[in-house]
Amino acid sequence: QFQLVESGGGLVQPGGSLRLSCTASGFTLDSHTTGWFRQAPGKGREGVACISSSVSKTTYAGSVKGRFTISRDNAKNTLYLQMNSLKPEDTALYFCARANPIYSCSDLHPTGLDLYDFWGQGTQVTVSS
(Lines give C-alpha, C1' and ligand atoms only; values in the text may rest on other atoms or scores of the structure.)
Protein backbone atom coordinates (compact mmCIF):
# COMPACT_ATOMS: atom_id res chain seq x y z
CA GLN A 1 0.00 0.00 0.00
CA PHE A 2 1.39 3.38 -1.01
CA GLN A 3 1.43 6.26 1.41
CA LEU A 4 2.71 9.84 1.43
CA VAL A 5 2.45 11.57 4.79
CA GLU A 6 3.22 15.27 5.11
CA SER A 7 4.20 16.98 8.36
CA GLY A 8 5.82 20.16 9.62
CA GLY A 9 3.13 22.70 8.88
CA GLY A 10 1.95 25.27 11.39
CA LEU A 11 1.55 28.94 12.20
CA VAL A 12 4.55 31.19 11.57
CA GLN A 13 5.08 34.93 11.48
CA PRO A 14 5.96 36.72 8.25
CA GLY A 15 9.67 36.40 7.59
CA GLY A 16 9.87 33.12 9.47
CA SER A 17 10.81 29.64 8.31
CA LEU A 18 9.32 26.15 8.27
CA ARG A 19 10.51 22.81 6.98
CA LEU A 20 7.91 20.44 5.61
CA SER A 21 8.51 16.70 5.41
CA CYS A 22 6.88 14.08 3.22
CA THR A 23 7.60 10.48 4.18
CA ALA A 24 6.82 7.73 1.71
CA SER A 25 6.01 4.08 2.31
CA GLY A 26 5.33 1.29 -0.13
CA PHE A 27 7.64 2.75 -2.76
CA THR A 28 10.93 4.65 -2.97
CA LEU A 29 10.88 8.38 -3.60
CA ASP A 30 14.15 8.44 -5.54
CA SER A 31 12.64 6.20 -8.23
CA HIS A 32 9.99 8.83 -8.99
CA THR A 33 9.78 12.48 -9.90
CA THR A 34 8.34 14.19 -6.82
CA GLY A 35 6.97 17.59 -6.04
CA TRP A 36 5.36 19.96 -3.56
CA PHE A 37 2.11 21.80 -4.23
CA ARG A 38 -0.14 24.18 -2.42
CA GLN A 39 -3.74 25.25 -2.54
CA ALA A 40 -5.10 28.31 -0.79
CA PRO A 41 -8.82 28.76 -0.08
CA GLY A 42 -10.64 29.81 -3.23
CA LYS A 43 -7.58 29.32 -5.42
CA GLY A 44 -6.34 26.64 -7.75
CA ARG A 45 -3.55 24.20 -7.12
CA GLU A 46 -0.04 25.60 -7.61
CA GLY A 47 3.05 23.52 -8.23
CA VAL A 48 5.66 24.91 -5.84
CA ALA A 49 8.73 22.77 -6.43
CA CYS A 50 9.85 19.57 -8.12
CA ILE A 51 12.86 17.25 -7.96
CA SER A 52 13.69 14.64 -10.57
CA SER A 53 14.39 11.02 -9.74
CA SER A 54 17.88 10.29 -11.00
CA VAL A 55 19.91 13.47 -11.21
CA SER A 56 17.88 15.38 -8.60
CA LYS A 57 17.34 18.35 -10.87
CA THR A 58 15.04 20.90 -9.23
CA THR A 59 12.40 23.32 -10.49
CA TYR A 60 10.60 26.10 -8.60
CA ALA A 61 7.60 28.31 -9.13
CA GLY A 62 8.57 31.91 -9.65
CA SER A 63 6.65 32.92 -6.54
CA VAL A 64 8.96 30.87 -4.28
CA LYS A 65 12.27 30.84 -6.15
CA GLY A 66 15.10 31.92 -3.88
CA ARG A 67 13.03 31.33 -0.74
CA PHE A 68 12.06 27.64 -0.88
CA THR A 69 14.34 24.62 -1.32
CA ILE A 70 13.23 21.08 -2.20
CA SER A 71 15.45 18.18 -1.19
CA ARG A 72 15.29 14.44 -0.65
CA ASP A 73 16.88 12.08 1.87
CA ASN A 74 16.96 8.70 0.17
CA ALA A 75 18.00 6.85 3.33
CA LYS A 76 14.91 8.15 5.13
CA ASN A 77 12.70 7.96 2.01
CA THR A 78 11.61 11.49 2.82
CA LEU A 79 11.08 14.62 0.74
CA TYR A 80 11.58 18.06 2.28
CA LEU A 81 10.57 21.62 1.54
CA GLN A 82 12.58 24.25 3.38
CA MET A 83 10.60 27.48 3.36
CA ASN A 84 12.33 30.73 4.32
CA SER A 85 11.24 34.38 4.30
CA LEU A 86 7.62 33.30 4.48
CA LYS A 87 4.92 35.72 3.38
CA PRO A 88 1.18 35.81 4.17
CA GLU A 89 0.50 34.83 0.57
CA ASP A 90 2.31 31.53 1.22
CA THR A 91 -0.60 30.49 3.44
CA ALA A 92 -2.08 27.30 1.99
CA LEU A 93 -2.49 23.57 2.36
CA TYR A 94 0.75 21.99 1.15
CA PHE A 95 0.85 18.56 -0.51
CA CYS A 96 3.55 16.28 -1.82
CA ALA A 97 3.05 13.97 -4.79
CA ARG A 98 4.90 11.53 -7.02
CA ALA A 99 4.98 10.99 -10.78
CA ASN A 100 6.37 8.38 -13.14
CA PRO A 101 10.11 9.02 -13.61
CA ILE A 102 9.64 9.22 -17.37
CA TYR A 103 8.32 12.71 -16.69
CA SER A 104 10.81 15.45 -16.00
CA CYS A 105 10.01 18.40 -13.80
CA SER A 106 9.63 20.54 -16.93
CA ASP A 107 6.98 18.08 -18.22
CA LEU A 108 5.04 18.45 -14.98
CA HIS A 109 5.44 22.11 -14.01
CA PRO A 110 3.52 24.26 -14.45
CA THR A 111 0.98 22.75 -16.88
CA GLY A 112 1.32 18.98 -16.40
CA LEU A 113 0.34 18.65 -12.75
CA ASP A 114 -2.33 16.07 -13.59
CA LEU A 115 0.49 13.68 -14.52
CA TYR A 116 1.27 13.22 -10.84
CA ASP A 117 -0.38 9.93 -9.91
CA PHE A 118 -0.31 9.79 -6.10
CA TRP A 119 -0.79 12.53 -3.53
CA GLY A 120 -0.53 12.98 0.20
CA GLN A 121 -3.26 14.49 2.40
CA GLY A 122 -1.50 17.78 3.03
CA THR A 123 -0.23 19.90 5.90
CA GLN A 124 -1.50 23.41 6.64
CA VAL A 125 0.87 26.38 6.59
CA THR A 126 -0.40 29.69 7.94
CA VAL A 127 1.75 32.83 7.77
CA SER A 128 0.32 35.55 9.94
CA SER A 129 1.34 38.05 12.58
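Helices here are DSSP runs of type H or I with at least four residues, strands are E runs of at least two, and each kind is numbered from the N terminus. The model you're looking at is predicted.

**Exercise 1. Get your bearings**

Find out how many helices and strands the protein has, and in what order they run.

*Solution.* Start with the count: there are 1 helix and 11 strands. Next, walk along from the N terminus, and the order reads β-β-β-β-β-β-β-β-β-α-β-β. The helix, α1, covers residues 105-108.

**Exercise 2. Size up the fold**

Compare the radius of gyration of the protein with that of a compact globule of 129 residues.

*Solution.* Step one is the expected value: a compact globule with 129 residues would come out near 14 Å. Step two is the value for this model, 13 Å, which agrees with that expectation. For a feel of the dimensions, the C-alpha atoms fill a box of roughly 40 × 30 × 25 Å along the principal axes. Now look inside: 45% of the 129 residues count as buried. Contacts come next. Take those between residues at least 6 apart in sequence, and 60% of them join residues at least 24 apart.

**Exercise 3. Check the surface and the charges**

Work out how much area the protein exposes, what share of it comes from carbon and sulfur, and how far apart the centres of the positive and negative side chains lie.

*Solution.* The exposed area is about 6,400 Å². Carbon and sulfur atoms supply 49% of that area. On the charge side, tally 11 positive and 9 negative side chains. The centres of these two sets sit 5 Å apart.

**Exercise 4. Pair up the cysteines**

Identify the disulfides, the handedness of each, and the parts of the chain that they link.

*Solution.* A quick reminder first: a disulfide is a covalent bond between the sulfur atoms of two cysteines. A search of the whole structure turns up 2 of them.

- Take Cys 22 and Cys 96, whose sulfurs are 2.0 Å apart. The angle about their S-S bond is 65°, a right-handed link. Cys 22 belongs to strand β3 (residues 18-25) and Cys 96 to strand β9 (residues 92-99), so distant parts of the chain, 74 residues apart, are linked.
- Then take Cys 50 and Cys 105, with 2.1 Å from S to S. The torsion here is about -80°, so this disulfide is left-handed. Cys 50 is in strand β5 (residues 46-51) and Cys 105 in helix α1, so the bond ties together parts that are 55 residues apart in sequence.

Count the bonded cysteines along the chain and the pattern is 1-3, 2-4.

Are these cysteines buried or exposed? The cut-off for buried is under 20% relative accessible area. Cys 22, at 1%, is buried. Cys 96, at 0%, is buried too. Cys 50 has 0%, so buried again. Cys 105, at 5%, also makes the cut.

**Exercise 5. Hunt for backbone oddities**

Locate the residues with a positive phi that aren't glycine, and the cis peptide bond.

*Solution.* Why bother with these? Because most residues other than glycine have a negative phi, and most peptide bonds are trans.

- Asn 77 has a phi of about 50° without being a glycine. Asn 77 sits in the loop between β7 (68-73) and β8 (78-83). At 15% relative accessible area, Asn 77 is buried.
- Ser 85 likewise isn't a glycine and has a phi of about 50°. You'll find Ser 85 in the loop between β8 and β9. With 41%, Ser 85 is partly exposed.
- The cis bond joins His 109 and Pro 110, with omega about 0°. Pro 110 is in the loop between α1 and β10 (118-119).

**Exercise 6. Zoom in on Gly 9**

Say where Gly 9 lies, how exposed it is, and which residues it is in contact with beyond its neighbours within four places in sequence.

*Solution.* First the place: Gly 9 is in the loop between β1 (3-7) and β2 (10-12). Then the exposure: 33% relative accessibility, so Gly 9 counts as partly exposed. Last, skip the neighbours within four places in sequence, and the contacts of Gly 9 are Leu 18, Leu 20, Thr 123, Gln 124 and Val 125. As an extra, the C-alpha atoms of Gly 9 and Leu 93 are 8.7 Å apart, with the two positions 84 residues apart in sequence numbering.

Notes
Residues are numbered from 1 along each chain as its sequence is written. This is a predicted model: local features need pLDDT of at least 70, side-chain atom pairs count only at pLDDT 80 or more; totals for chains, interfaces and linings use all residues. Side-chain values use heavy atoms; hydrogens and water are left out. Buried means under 20% relative accessible area, exposed over 50%, partly exposed in between (1.4 Å probe, protein chains only). Contact means heavy atoms within 4.5 Å. A disulfide is a pair of cysteine sulfur atoms within 2.5 Å. The radius of gyration is taken over C-alpha atoms; the globule rule is 2.2 Å times the number of residues to the power 0.38. Accessible areas come from the Shrake-Rupley method with a 1.4 Å probe; for residues, only the protein chains shown count as cover. Lys and Arg count as positive and Asp and Glu as negative; His and the chain ends are not counted. The place of a charge is taken as NZ of Lys, CZ of Arg, CG of Asp or CD of Glu.
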